[in-house]
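Hi there,

Here is the structure I said I would pass on. Have a look at it first, then read my notes below.

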Amino acid sequence: MVNKSIFRTRKDYRLLAERNHSKKYSKKVLNETEAIINHLQRNPELGIKTSSSSVRIRLVLNNFYVFYSWDESRLFILKFWDTRQNPNSNEYLN
């Protein structure tokens, strides 16, 4: 079940488009993120483990991480994060 995840990603897309003044790049990020989320639904253990045993990360286009967890039927997107930010500001990296 990824619908809520994509909705959250679409919200991030709008914010990214506003910040970068580029709908084309933002669309590319959104499309790649949705493809990765769909792939993770089928293979959730593909992401890299974090310090939290239940959270994994997946890189999107070299500049973004998707932090997620899952159960038997759902994938939960916990955070969509720009890697150019201070890593100390991300609770999943500490």
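A quick definition before we start: a strand here is a DSSP run of at least two residues, and strands are numbered from the N terminus. With that in hand, Ile48 belongs to strand S1, which covers residues 48-49. Please keep in mind that this is a predicted model.

**How far to trust it**

The mean pLDDT of the protein is 82, with 86% of the residues at 70 or more. Helix H1 (residues 3-20) has the lowest confidence, a mean of 64, while S2 has the highest, at 94. So much for confidence; now for the fold.

**The overall picture**

The protein has two helices and four strands, and along the sequence they come in the order α-α-β-β-β-β. Of its 94 residues, 37% are buried. The accessible surface is about 6100 Å², and carbon and sulfur atoms account for 49% of that. If you take the contacts with a separation of 6 or more, 35% of them are between residues 24 or more positions apart.

**Back to Ile48**

Is Ile48 buried or exposed? Ile48 counts as exposed, because its relative accessibility is 55% and the cut-off for exposed is over 50%. Leaving out residues up to four places away in sequence, Ile48 touches Val55, Arg56 and Ile57. You can also find Phe67 from there: Ile48 and Phe67 are 19 residues apart in sequence, and their C-alpha atoms are 9.5 Å apart in space.

**What sits inside**

The largest nonpolar core has twelve residues. They are Leu16, Val29, Ile36, Ile37, Leu40, Val60, Phe64, Val66, Tyr68, Leu75, Ile77 and Phe80. Helix H2 (23-42), S3 and S4 are the elements that give two or more residues to this core. Which of them gives the most? That would be H2, with four residues.

Leu40 is a good core residue to click on. Setting aside neighbours within four places in sequence, Leu40 is in contact with Leu46, Gly47, Arg58, Tyr68 and Leu75. Apart from this core lies another one, of five residues, and among them are Val55, Ile57, Trp81 and Tyr92. You have met Val55 and Ile57 already, as residues that Ile48 touches.

**Salt bridges**

How many salt bridges does the structure hold? There are three, so here they are one by one.

- Glu91 and Lys79: their side chains meet in a salt bridge at 3.3 Å, N to O. Glu91 lies in the segment after S4 and Lys79 in strand S4, so the pair ties together parts that are twelve residues apart in sequence. Strand S4 covers residues 75-82. Lys79 is buried, because its relative accessible area is 18% and buried means under 20%. Its partner Glu91 is partly exposed, at 48% relative accessibility. The two side chains also make a polar contact, again at 3.3 Å.
- Asp82 and Arg84: the closest N and O atoms of this salt bridge are 2.8 Å apart. Asp82 is buried at 8% relative accessibility, whereas Arg84 is exposed, with a relative accessible area of 51%.
- Asp71 and Arg74: here the closest N and O atoms are 3.2 Å apart. Asp71 is partly exposed, with a relative accessible area of 26%, and Arg74 counts as partly exposed too, at 37%.

**Two residues with an unusual sign**

Most residues other than glycine have a negative phi. With that in mind, look at the loop between strand S2 (56-60) and strand S3 (64-70), where you will find Leu61. Phi of Leu61 is near 50°, a positive value in a residue other than glycine. Asn62 is in the loop between S2 and S3 as well, and its phi is also positive, near 65°. How do they sit relative to the surface? Leu61 is partly exposed at 26% relative accessibility, whereas Asn62 is exposed, with a relative accessible area of 62%.

**Where to start**

If you only have a few minutes, try Lys79 and Glu91, the pair that meets in a salt bridge. After that, go to Leu40 and its place in the twelve-residue core.

Cheers

Key
Residues are numbered from 1 along each chain as its sequence is written. This is a predicted model: local features need pLDDT of at least 70, side-chain atom pairs count only at pLDDT 80 or more; totals for chains, interfaces and linings use all residues. Side-chain values use heavy atoms; hydrogens and water are left out. Buried means under 20% relative accessible area, exposed over 50%, partly exposed in between (1.4 Å probe, protein chains only). Contact means heavy atoms within 4.5 Å. Accessible areas come from the Shrake-Rupley method with a 1.4 Å probe; for residues, only the protein chains shown count as cover. A polar contact is a pair of N or O atoms within 3.5 Å; within protein, one must be able to donate a hydrogen and the other to accept it, and residues adjacent in sequence count only if both atoms are side-chain atoms. A salt bridge is a side-chain nitrogen of Lys or Arg within 4 Å of a carboxyl oxygen of Asp or Glu. pLDDT is the predictor's confidence in each residue, from 0 to 100. A nonpolar core is a set of buried Ala, Val, Leu, Ile, Met, Phe, Trp, Tyr and Cys residues joined through side-chain atoms within 4.5 Å.
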